[in-house]
Amino acid sequence: MLEKIEYSDYKLKSDMKTTTMTFLLIFTFGGIFGFVYEELFYRIDLGYFVKRGTTMGPWIPIYGYGSILITVATCRLRKKPLMVFLTGGLVSGLLEYLTGYYLYSVAGIRLWDYNKEILNWGNIDGFICLRSVLFFALSSLILIYILIPFIQHLKDRLSKRTFGIMSLGIGLLFFADVVAADILHLY
């Protein structure tokens, strides 16, 4: 089964397995990017490094989910960077607010609180602030114009088998870490 995905100036035809592997890499790299961002931000905010996230590895799942949502929401907007910026900010802002609200109101878990951070203008209930939304909007540009073309380049340079093994290996490691963190209640 072939499907068309528009990410660059040409249409990429890909089978479902390759598309799944591509999305797995987008998810994983998005999670790693979020981890690095948070480590650096909290180093500046607190003055020392703090292990961020609920997993043992260097990734934060919500950033992976955000990367997938932004990819899907902006795939037809690639030629309009301003729309990618605005849509990416909106999608990630909604994801952050709804996830934070749900975790706090339903599960009693508060994984972040912008009330206690620097640069928290536009703070809404501590779940979202303008700085985070603007950062996510800028990150959407990095995702669409740098990360996805890089993943496509990898896909084009590697054999289908190698690309699949690499994607699946990294993705399963991330998934195993999320499951282990849930079992061990690391949050």
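**Helix packing in a predicted five-helix chain**

From its N terminus onward, the protein chain runs β-β-α-α-α-α-α, where helices (H or I, at least four residues) and strands (E, at least two) are DSSP runs numbered from the N terminus. That makes five helices and two strands. With a radius of gyration of 17 Å against the 16 Å that the globule rule gives for 187 residues, the protein chain is as compact as a globular protein of that length; the radius is taken over C-alpha atoms, and the rule is 2.2 Å times the number of residues to the power 0.38. The model is a predicted one, in which local features need pLDDT of at least 70 and side-chain atom pairs count only at pLDDT 80 or more, while totals for chains, interfaces and linings use all residues. Residues are numbered from 1 along each chain as its sequence is written, and side-chain values use heavy atoms, with hydrogens and water left out.

A few whole-chain values help to set the scene. The C-alpha trace spans about 45 × 40 × 30 Å along its principal axes. Of the 187 residues, 43% count as buried, meaning under 20% relative accessible area, with exposed set at over 50% and partly exposed in between (1.4 Å probe, protein chains only). The accessible surface comes to about 10700 Å², and carbon and sulfur atoms hold 69% of that area; such areas come from the Shrake-Rupley method with a 1.4 Å probe, and for residues only the protein chains shown count as cover. Among contacts (heavy atoms within 4.5 Å) with a separation of 6 or more, 63% join residues 24 or more positions apart. As for charge, there are 18 positive and 14 negative side chains, and the centres of the two sets lie 10 Å apart. In that tally Lys and Arg are positive and Asp and Glu negative, with His and the chain ends not counted; each charge is placed at NZ of Lys, CZ of Arg, CG of Asp or CD of Glu.

Helix α5 is a good place to start on the packing. It covers residues 160–184, and its end C-alpha atoms are 36 Å apart, in agreement with the 36 Å that its 25 residues should span at 1.5 Å a residue; the expected span is 1.5 Å times one less than the number of residues. The buried positions of α5 are F163, G164, S167, G171, F174, D177 and A181. An α-helix has 3.6 residues a turn, so residues three or four places apart point the same way. Cover for the buried residues of α5 includes α1 (16–46), α2 (61–74) and α4 (130–157). Just after α5, H185 takes a positive phi of about 50 degrees.

Two residues of helix α1 show this packing in more detail. L25 belongs to α1 and is buried, at 0% relative accessibility. Beyond its neighbours within four places in sequence, L25 is in contact with I151, F163, M166, S167 and I170. The C-alpha atoms of L25 and I68 are separated by 9.9 Å, although the two residues are 43 residues apart along the chain. T22 also lies in α1 and is buried, with a relative accessible area of 11%. Residues up to four places away in sequence aside, T22 touches I151, K155 and F163. In helix α4, F150 is partly exposed at 42% relative accessibility. The C-alpha atoms of F150 and T28 are 14 Å apart, with their positions 122 residues apart along the chain.

Helix α3 (81–105) has 25 residues and reaches 35 Å from its first C-alpha to its last, close to the 36 Å expected at 1.5 Å a residue. Its buried residues include V84, G88, G89, V91, S92, G93, L95, E96 and L103. These buried residues of α3 pack against α2 and α4.

The loop between α3 and α4 offers two further residues to look at. I128 sits in this loop and is buried, with a relative accessible area of 8%. Not counting residues up to four places away in sequence, I128 touches G93, E96, Y97, Y114, G122, N123 and V133. Its C-alpha lies 17 Å from that of I70, a residue 58 residues apart from I128 in sequence. D125 is in the same loop, between α3 and α4, and is partly exposed at 46% relative accessibility. Phi of D125 is near 55 degrees, a positive value in a residue other than glycine.
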